[in-house]
Amino acid sequence: MAEPDAIVIGSGPNGLAAAIVLAQAGWKVTVFEAEPTIGGGVRSAALTLPGFVHDVCSAVHPTAIASPFFRTLPLQRHGLEWIDPPAAFAHPLDGGRAAIAERSVEATAAGLGADGAAYADLFGGVVRAWPRIEGSVLGPLRWPAHPFAMASFGLRALRSIDGVAARFAGDPARALLAGIAAHGMLRLDQPLTGGIALVLGALGHVVGWVIPRGGAQSLTDALVAHLRSLGGEVIANHRVASLDELPPARAVLCDLSPKPFLKIAGSRLPASYRSALERYRYGMGVFKMDFALDAPVPWSAEACRRTATVHIGGTFQEIADAEATVASGRPAERPYVLLAQPTLFDPSRAPAGKHTVWAYCHVPLGSTVDMAPRIEAQIERFAPGFRDRILARAVSTPGDIEARNANYAGGDIGAGAADLRQFFTRPTWRTYSTPVRGLYLCSASTPPGVGVHGMCGYFAAQRVLADLGGPDTRHPTT
Ligand SMILES: Cc1cc2nc3c(=O)[nH]c(=O)nc-3n(C[C@H](O)[C@H](O)[C@H](O)COP(=O)(O)OP(=O)(O)OC[C@H]3O[C@@H](n4cnc5c(N)ncnc54)[C@H](O)[C@@H]3O)c2cc1C
């Protein structure tokens, strides 16, 4: 193998984004991926039956289509096609009702009765400000390009969803807000849960909660094809056990969370930095299920068929209670469940007339409790007859999720809790840099954190170029 300028360990979206930035700058880049398939949290596979294409991790990609970096890349030329369902997401309630986040703020507000005006005021403001705040929201903490817009957004985003939702009176609007905020894997009275709801909710109106045709793997395949067109290479099935085994390079970028990073780099790190990484906290775990169905999910609320994403859990209070229970270390009896039903909009992913469902709930970190009956009961509650449509199911416990990808320690798919203490300065105040020259972190354990957007990788690679972008110090020319 020719000696690379940069080595990236891990081929998740952030690893690939970092590799692309460096390849664009003319660096020769090699990506090593431990698994036989490329993509980390952005992969698809036949997890249940032949012909059913499931997303192994991420399924719904508003942050990818909204990514200021990804949208500069010619990914469509490499086969990526976004599917934008008619509604962003739905939230069924008992009695056959549902709250719907439509593609427009106005249509959503119109469905929320007396809460419509408050919804339009809250989300309309964020949607209008989005072009001015996206660089700050999807980036590390720094002086914003538009300080007034960011200050106005930030004051609300720092609040808990508990506080933000206080101005809403009806169950549908309040449940809708809880369902978006709970993506953050925090108690709903925690600061920043308001911001999670504002950003994800606004993206539903700005870009839609899109899915890639053919599954999440299509996004990875397009990123890899583009990287290769720039001269970069990706070597799968190559687990890096220690930094010592790597060929010399100007920079090594680790698409790793602190736990696996310490394993391969620990001996090189100064004690103080090592112990800072050891103090990094992982948050909640996830218990995931994939289903092959012989028909679509039989939702009581018809509106749930107009979207790929459904938030299950009932009222604001029920979801708040479920998340608080998990945060206190116990699994919820009636968990909050995120569900995706991609085949309603992409029949290519299942045999004719058949369907797939992707669903997960939050559990305490490393939990070994079997949540399958509780997930199915929650779906059945809003879609009676669901169980009768199941042809096959695949279960991923938190342990399985970590075994497939060490970044998700204890099944924490966020690669670390994103509470106030770890949101802006993750995994330490150094963010992408380490005390070792030429060694960097570029995973979702760096800002802006969880989600498929590649912006952690983008900013890490920018840091590399700022630090080392001058003459190649490994091969001095004089
Ligand atoms: C079940 C689940 C559902 C999710 N749903 C969504 C969603 O719908 N939408 C969304 O936006 N986000 C979702 N996410 C989160 C999203 O997938 C992650 O935030 C994102 O993939 C993080 O990207 P990354 O590049 O930082 O790391 P990862 O995607 O985790 O990639 C890290 C890579 O490093 C590799 N690696 C680890 N150790 C080594 C080693 N020693 N040597 C070589 N390679 C190594 C791993 O195999 C992996 O491929 C979900 C995640 C999971 C697990």
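This tour proceeds from the ligand to a pocket, a cavity, a helix and a single aspartate.

The model is a predicted one, in which local features need pLDDT of at least 70 and side-chain atom pairs count only at pLDDT 80 or more, while totals for chains, interfaces and linings use all residues. Residues are numbered from 1 along each chain as its sequence is written, and side-chain values use heavy atoms, with hydrogens and water left out.

**The ligand**

Select the ligand, which is surrounded by 35 residues, the closest being Asn14, Glu33, Gly41, Asp255 and Asn405; a residue counts here if one of its heavy atoms lies within 4 Å. Then display the N and O atoms of the backbone. Alanine 34 places a backbone N or O atom 3.1 Å from a nitrogen atom of the ligand. At valine 240, a polar backbone atom is 2.9 Å from a ligand nitrogen atom. At valine 452, the distance from a polar backbone atom to an oxygen atom of the ligand is 3.0 Å.

**The second largest pocket**

Next, select Ala249, Arg250, Val252, Arg437 and Gly438, which lie nearest the centre of the second largest pocket among its 13 lining residues. A pocket is an open set of points on a 1 Å grid over the protein atoms alone, with protein on both sides within 12 Å along at least five of seven lines, and lining residues have an atom within 4 Å of a point. Its volume, the space filled by probe spheres set on the points, is about 230 Å³.

**The largest cavity**

Move to the largest cavity, a set of grid points where a 1.4 Å probe fits but cannot get out. About 30 Å³ of space lies in this cavity. Its lining includes Leu293, Pro296 and Gln341. Strand 14 (residues 355-363) gives the largest share of that lining, three residues; strands are DSSP runs of E, at least two residues long, and helices are runs of H or I, at least four, both numbered from the N terminus.

**Helix 9**

Select residues 217-229. The 13 residues of helix 9 should span 18 Å at 1.5 Å a residue, and the end C-alpha atoms are indeed 18 Å apart; the expected span is 1.5 Å times one less than the number of residues. Buried residues here include Leu219, Ala222 and His226, where buried means under 20% relative accessible area (1.4 Å probe, protein chains only). After the helix comes glycine 231, with a positive phi near 95 degrees.

**Aspartate 290**

Finish at aspartate 290 in strand 11 (residues 285-293). Aspartate 290 is buried, with a relative accessible area of 1%.

Terms used:
Buried means under 20% relative accessible area, exposed over 50%, partly exposed in between (1.4 Å probe, protein chains only). A polar contact is a pair of N or O atoms within 3.5 Å; within protein, one must be able to donate a hydrogen and the other to accept it, and residues adjacent in sequence count only if both atoms are side-chain atoms.
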